[in-house]
Amino acid sequence: MDFSVVADNFKFLILQGLIGIGPFIGGTLRLAIPAIILGFLLGIAVGLARLAQAAWIRVPATMYVEFFRGVPLVMVIFWIWFIIPQLLRLPIPEYGVALTAFVIFEAAYFGEIVRAGVQSVARGQVEAATALGMTATKTMAYVVLPQALKNMVPSLVTQMIVLFKDTSLASIIGYVDLTKAAQIVNNREIRPFELYLFIAVVYFLCTYSMSLLARRLERRTA
Amino acid sequence: MAETAIRFSGVNKWFGKLHVLREINLAIGAGEVVVVCGPSGSGKSTLIRTVNGLERVQGGDVVVLGESIARRGVNLPALRTRVGMVFQSFNLFPHMTALENIMLAPMKVKRVARPEAEKLARALLERVGLREKAANYPANLSGGQQQRVAIARALAMQPRIMLFDEPTSALDPEMINEVLDVMTSLAREGMTMMCVTHEMGFARRVAHRVVFMDEGQVVEEGTPDEFFRAPKSDRGKQFLSKILTH
Ligand SMILES: Nc1ncnc2c1ncn2[C@@H]1O[C@H](COP(=O)(O)OP(=O)(O)O)[C@@H](O)[C@H]1O
Ligand SMILES: [Mg+2]
């Protein structure tokens, strides 16, 4: 074992692979962070739509969730990579493809978490806010969502960790994330054990700090 | 005759096949305190919840402060700011302190500025005897204290009518009086109140009128004295004998 290969390529692996600064389009964090934020925001919309009274909102939202939970993420990435540019007759860069795929796909999962979280809030809460003259939107914003979010923290964090690790799938369309960066170095140096062990540690450190952050958040809001 | 605050006329309501309100006719005057009682499942909660539109009626109408709640396009949120409601299970917002619970609706619905809302909320806490509990979360308040905060929260919108749906039923016996005392002083100040309660002492001392319901109907109504001394209906007699022996 010779970890000098990691030391020699440390800048490329971390700057290019993890963060996304370098000659290639890439970066695990540059993909994961916006994907988590946008996917969650779209997920709130999807989750609330799933609970809508009006069927024309609820039914499409339900189909959306069922559909994207039923297909593999890789397929969604391929569709957007191959099919959308043909339909639109316009090329989409790797970053756009990967981000779109993750946001669309993950919103289905986040949507289910949001729906369960909203449903976990006691019925009387909505009634109390309504009786005070608050509209449905204000009731949702000030009474239901804050309580729902608190209940959602554990499942949200789990889903964010899953998403973070799944960004490694973006390497199949040539997006230079951490996984792809290790692969590039390995093609040249043939040191798979050291390289893949190193990026495993990097992935783990990232996800583990997400867990720790979540635990602190849970304790603070308990 | 004082002006009418709430008028139920021919109110009917079904839950599926269950006919829960049958042709209710009842008028409550401004400043009047009416106690509604009756066996469990007789439709008391459903009736009181039609007043602020938490339940929609399917026949007839309820006119509240001159507004018909069955009218198409009625502005229910606006009407609800003038009708406060207190629930059996308090329903305080658990993620907010007592003070914030009271400040929320004035700020978000009436757009009262924060300092003003806070001043009002503190005055209301004082009034329900909980000045020193402003910073407590509901989880750190007793049931009686929570219910008093809930009353203060409803009063913060400066309603003309207060609805109480079994406000003391979820409380330990030793906390019932602190809530009834607040309700009593509210009644003495001239608030229009519709109270679903089985607290007969409160009804005798405070109510102007008692309405007895059974199976979705108003079976009888009268002064507390009339009803408790000599109920006219057999169902009323039966009901009273049950709650008095227990
Ligand atoms: N949301 C609902 N859906 C179906 N049935 C209901 C609902 N709410 C109340 N009921 C039924 O309507 C009847 C009257 O209920 P309620 O008004 O709560 O009575 P009370 O308050 O006098 O105990 C009961 O039989 C109850 O089971
Ligand atoms: Mg009831």
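**Figure 1. The surroundings of R50(A) in a predicted model.** Leaving aside residues up to four places away in sequence, R50(A) makes contact with R58(A), A61(A), T62(A), V65(A), E112(A) and R115(A). This view, like the others in the set, comes from a predicted model. R50(A) belongs to helix α3 of chain A, which covers residues 28–50. The side chain of R50(A) reaches that of T62(A) through a polar contact of 3.1 Å. Is R50(A) buried or exposed? With a relative accessible area of 14%, R50(A) is buried, since the cut-off for buried is under 20%.

**Figure 2. Q16(A) and its neighbours in chain A.** Here we look at a residue of helix α2, which runs over residues 10–19 of chain A. Q16(A) has a relative accessibility of 1% and therefore counts as buried. Which residues does Q16(A) touch, not counting those up to four places away in sequence? The list is K11(A), I21(A), G22(A), P23(A), F24(A), I25(A), G26(A), G27(A) and V176(A). For F24(A) there is also a polar detail to look for: the backbone nitrogen of F24(A) sits 3.0 Å from a polar atom in the side chain of Q16(A).

**Figure 3. Helix α7 of chain A and what covers it.** This helix takes in residues 123–131, and 7 of its 9 residues are buried. If you would like to find them, the buried residues in α7(A) are G124(A), Q125(A), E127(A), A128(A), A129(A), T130(A) and A131(A). Where does the cover over the buried residues of α7(A) come from? Part of it is α8 (136–166) of chain A, and chain B contributes α1, α2 (76–80), β6 (83–86) and α5 (143–155). After α7(A) comes G133(A), which has a positive phi near 95°.

**Figure 4. Chain A as the setting for the first three views.** A step back helps to place the close-ups. How many helices and strands does chain A have? The secondary structure amounts to 10 helices and 0 strands, and along the sequence the pattern reads α-α-α-α-α-α-α-α-α-α. The C-alpha atoms of chain A occupy a box of roughly 70 × 45 × 25 Å along the principal axes. Of the 222 residues in chain A, 44% are buried. If you take the contacts in chain A between residues at least 6 apart in sequence, 71% of them link residues at least 24 apart. The exposed area of chain A is about 11,300 Å², and carbon and sulfur atoms account for 68% of it.

**Figure 5. The shell around ligand 1 in chain B.** Ligand 1 has F15(B), L18(B), V20(B), P39(B), S40(B), G41(B), S42(B), G43(B), K44(B), S45(B) and T46(B) around it. By type, these shell residues are 4 nonpolar, 6 polar and 1 charged. Two elements of chain B, β2 (18–29) and α1 (44–51), each provide at least two residues of the shell. The largest share, 3 residues, belongs to α1(B).

**Figure 6. Oxygen atoms of ligand 1 and their polar partners.** Three residues of this shell deserve a closer look. An N or O atom in the side chain of S45(B) lies 2.7 Å from an oxygen atom of ligand 1. For G43(B), a polar backbone atom is 3.0 Å from an oxygen atom of the ligand. For S42(B), a backbone N or O atom is 3.2 Å from a ligand oxygen. On its own, ligand 1 would expose 560 Å², and the protein buries 58% of that area.

**Figure 7. P167(B) in a loop of chain B.** The loop that holds P167(B) lies between β7 (161–165) and α6 (173–188) of chain B. The relative accessible area of P167(B) is 1%, so the residue is buried. Setting aside residues up to four places away in sequence, P167(B) touches V86(B), F87(B), Q147(B), M183(B) and V196(B). Between the C-alpha atoms of P167(B) and L180(B), 13 residues apart along the chain, the separation is 8.7 Å.

**Figure 8. Cysteines of the two chains.** A disulfide is a covalent bond between the sulfur atoms of two cysteines. How many disulfides does the structure hold? Over all chains there are 0. Why does C37(B) lack a bond to C195(B)? The closest cysteine sulfur to that of C37(B) is the one in C195(B), and at 12 Å it is too far for a bond. C37(B) counts as buried because its relative accessibility is 0%. C206(A) is buried too, with a relative accessible area of 18%.

Definitions and conventions. Residues numbered from 1 in each chain as written. Chains lettered and ligands numbered in written order. Predicted model: local features only at pLDDT ≥ 70, side-chain atom pairs only at ≥ 80, totals over all residues. Heavy atoms only, no water. Near = heavy atom within 4 Å. Polar contact = N/O pair within 3.5 Å; in protein donor to acceptor, adjacent residues only side chain to side chain. Areas by Shrake-Rupley, 256 points an atom, 1.4 Å probe, with all protein chains shown as cover. Helix = DSSP H or I, 4+ residues; strand = E, 2+ residues; numbered from the N terminus. Nonpolar A, V, L, I, M, F, W, Y, C, P; charged D, E, K, R; others polar. Disulfide = S-S within 2.5 Å. Buried < 20%, exposed > 50% of the residue type's maximum accessible area, 1.4 Å probe, protein only. Contact = heavy atoms within 4.5 Å.
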